[in-house]
Amino acid sequence: MQTHILGYPRIGSNRELKKACEQYWAGKTSLQELLEVGKTIRKQNWKLQQEAGIDLIPTNDFSFYDQVLDLTLSVGAIPSRYQDIASKESSTELDLYFAMARGYQKEGLDITAMEMTKWFDTNYHYIVPEFQKDQKFKLFSNKIVNEFIEAKEEGINAKPVIIGLVTYLLLGKEKEEGFNKLDLTQNLLPVYTEILKELENNGAEWIQFDEPFLALDLDQKAKEVYPNVYTELAQQFPNLKFLITTYFDGLKDNLSLATTLPVDALHIDLVRAPEQLDEVINAIPETLILSLGVVDGRNIWKNDFSQSLVSIKKAIAALGPERVFIAPSCSLLHTPFDLDLEKNEKILSPEIKQWMAFAKQKVSEIVLLKKLASENPDYNTLQELAENKKAIENRKVSTLIHNKDVKSRIELTTENDAQRNSPFNARKEAQQRALELPLFPTTTIGSFPQTKEVRSWRAQFKKGDLTAEEYDQLLKEETQRTINWQEEIGIDVLVHGEFERNDMVEYFGEQLAGFAFTQNGWVQSYGSRCVKPPVIFGDVHRPQPMTVYWSQYAQSLTKKWVKGMLTGPVTILQWSFVRDDQPRSLTCKQIALAIRDEVSDLEKAGIRIIQIDEPAIREGLPLRKAEWQNYLQWAVEAFRISASGVEDATQIHTHMCYSEFNDIIHNIADMDADVITIECSRSQMELLNAFADFKYPNEIGPGVYDIHSPRVPSKEEMVELLKKAQAVIPAEQLWVNPDCGLKTRHWDETEKALIAMVAASKEVAAAY
Ligand code: GLN
Ligand code: ZN
């Protein structure tokens with residue numbers, strides 16, 4: 001039996017890497033200093049695993065930005081637009097690398113960054129490889145081998161982690177027509193071979209190839225490429241041992257494909273797909289080692305040792321201990337660094353903390369599981385098991401988690417609660433009468449610029465340098481200015497500006513029961529950017545109104561309608577660490593009921609237009625298509641529960657950015673929001689086609705300008721976009737708005753852009 005991990009977080013226990021990168025980008029530190037920080041983090045990570053007793057320690061899981069980009073550089077898949085940088089005397093490999101990640105605007109050059117997208121269903125974003133039809137590869141960076149040698153100098157015979165060739169190609173994007181990225185296999189194989197040769201020459205024994213696509217839906221071509229690639233590598237390297245890792249789902253229909261690859265070990269995710277263990281045990285050939293991913297690499301809960309031991313012992317009984325590895329389900333990249341750093345009991349109470357484990361604790365769990373699974377665990381180990389049982393038991397029955405009222409309310413929730421009183425047509429009439437809005441009504445998505453001042457007030461308030469009254473007063477003044485200004489320039493549906501919010505999920509989490517927060521629970525999102533997701537640990541309910549105060553205040557300042565602003569249940573769920581002791585769908589329903597109460601209270605307070613943001617609905621889609629409908633069913637239902645407690649005349653909006661709608665338009669329509677605002681400007685209204693083809697009946701606000709850039713759009717270009725929209729969607733269904741919230745923009749850009757937007761709406765409306 002051996003223990004290993006698939007990868008460790010590299011941002012540093014106190015986000016040292018983030019800070020070092022940002023200092024380097026700002027020109028404040030030298031390359032040498034940055035490299036030093038990287039080296040220290042690697043060393044600390046290895047040492048930590050070594051001391052914990054991990055048998056196979058990974059290397060090349062470190063990255064200055066992203067592991068996919070690392071490989072892109074290693075295999076020399078450098079898009080031609082970076083040629084000037086690559087060939088410049090003065091620029092280093094790392095400069096080129098950061099230019100690819102972040103773009104380059106210096107010395108008369110203006111080169112765009114490579115695209116970024118989500119890593120499977122995580123909130124980690126990778127840099128998408130770009131492939132040309134005749135794409136050539138050549139060994140460009142020696143990072144993989146260098147880090148292996150570096151570990152060796154620390155006395156570790158490491159297991160280099162390399163993204164598998166097939167997965168790497170599948171992660172990329174074809175930048176021209178007329179070829180399939182998998183056609184590049186034969187071009188790429190020689191570079192893999194070269195790297196493996198170097199590793200072998202330096203004494204490597206095990207190589208980990210990450211092939212998560214083996215746990216996804218694969219087309220015929222990919223199914224054919226897999227055995228070819230690994231047969232060829234196995235033939236060339238009879239002395240290297242290959243470990244193929246799969247994660248984020250089960251092998252399912254790829255079971256025989258994965259188990260018959262000519263490799264030495266196969267890793268499976270038993271957290272996401274525990275049911276696959278029996279099948280896999282039955283299917284694997286006699287020579288294959290099975291790596292059991294039993295510790296959750298995607299969440300922050302303590303492992304249930306007794307439960308994991310059932311799987312481990314089953315595998316040992318069937319395969320023998322020498323054919324069993326114990327590991328986390330996936331790389332620990334997706335968990336925060338170290339729970340021991342959570343020292344402030346006011347932020348994270350000890351009672352909740354005892355149920356949790358971060359990356360460092362998960363490493364210990366793996367080692368303990370191995371000891372527990374061995375013949376004669378010693379006294380201390382058994383003591384640990386007893387403590388683990390106690391914590392698990394205590395969590396199961398804790399009154400902090402379980403709330404009778406929430407559970408009985410869930411019981412009493414029926415289909416009716418997910419149903420507005422009348423169908424859309426009737427609601428539309430009632431809303432027209434009550435709201436009296438013009439054609440092409442203008443609105444914004446909610447937030448207005450979070451200026452330095454606004455953020456500094458919050459920081460001062462948190463530190464105690466501002467009293468609650470002073471802070472409140474400052475926010476009120478900012479809100480009032482914003483309301484007055486919107487009124488002045490003639491926006492139809494105003495917003496209060498969201499100045500009181502730090503983040504659209506955290507703000508609600510802080511006010512809902514069942515949520516906890518951490519001080520240092522950072523997880524890498526992309527590059528140097530980290531997020532600190534809230535932890536949903538218990539039954540969720542809303543002890544008191546959350547947004548009524550601000551919406552009511554804003555509405556009191558104007559005769560125009562002010563839109564109430566909420567985050568939807570699916571988005572709150574999606575952007576948090578979620579409890580694992582009940583289905584996600586149930587947690588989502590609890591949040592939905594809390595939001596529903598807020599919607600009702602807003603209505604009672606005289607707010608007649610309420611927006612429930614759901615930007616994360618699409619990203620919550622399961623990796624396997626067969627599971628989409630089930631997810632969409634409960635996700636849409638949760639939204640409907642949150643939105644359906646109001647009168648016909650109250651208008652419910654939703655907002656979704658970063659989404660494509662083609663394959664889920666049915667479900668989007670099923671959400672039955674009276675108005676949906678979407679991101680559309682960057683695609684030149686192309687996203688609207690899905691709505692047009694479907695004959696989407698409700699109202700829709702396609703974003704008419706891109707808020708992600710400081711550029712101020714002209715009235716004319718917005719008129720053009722609106723005309724395009726009008727060509728496919730009837731005018732009486734259309735709204736006019738930016739494509740997302742304005743919190744990252746400056747006031748001067750915002751003012752100019754919104755004035756032009758109002759003018760554009762008036763011009764288009766004048767034709768009616
Ligand atoms: N109401 C939020 C805002 O305006 C919506 C943010 C989002 O969609 N990501 O900031
Ligand atoms: Zn948005």
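Let me start with strand 21, where Ile609, Gln611 and Asp613 point one way while Ile610 and Ile612 point the other way, and all of them are buried. Please keep in mind that this is a predicted model. The strand spans residues 609–613, and 5 of its 5 residues are buried, so to speak of it as mostly covered is fair by the definition used here.

What lies on either side of this strand? On one flank, strand 20, residues 561–567, runs parallel to strand 21 and is joined to it by 5 bridges; within that pairing, Met565 stands opposite Gln611, and Thr567 stands opposite Asp613. Strand 21 also pairs in the parallel sense with strand 22, residues 651–656, again over 5 bridges, and here Ile612 stands opposite Thr654. To get from strand 21 to strand 22, the chain passes through helix 24, residues 628–643, in a β-α-β crossover that is right-handed.

Stepping back to the whole sheet, we have an open arrangement of 6 strands in the order 15-20-21-22-23-24, with parallel pairing. Strand 15, at 493–495, and strand 24, at 699–702, are the edge strands, each pairing on one side only. On average, neighbouring strands of this sheet are turned by 30 degrees against each other, with direction ignored.

Finally, let me turn to the ligand. Which residues come nearest to ligand 1? Of the 13 residues around it, these are Ile445, Gly446, Ser447, Pro615 and Gly741. Sorted by class, the shell around ligand 1 is made up of 6 nonpolar, 4 polar and 3 charged residues.

Methods
Residues numbered from 1 in each chain as written. Chains lettered and ligands numbered in written order. Predicted model: local features only at pLDDT ≥ 70, side-chain atom pairs only at ≥ 80, totals over all residues. Near = placed C-beta within 6 Å. Nonpolar A, V, L, I, M, F, W, Y, C, P; charged D, E, K, R; others polar. Buried ≥ 20, exposed ≤ 12 C-beta atoms within 10 Å, placed from the backbone. Helix = DSSP H or I, 4+ residues; strand = E, 2+ residues; numbered from the N terminus. Pairing = 2+ DSSP bridges. Right-handed = clockwise from strand over helix to strand, strands pointing away. Axes fitted to C-alpha atoms, helices over the stretch in contact; angles between N-to-C directions.
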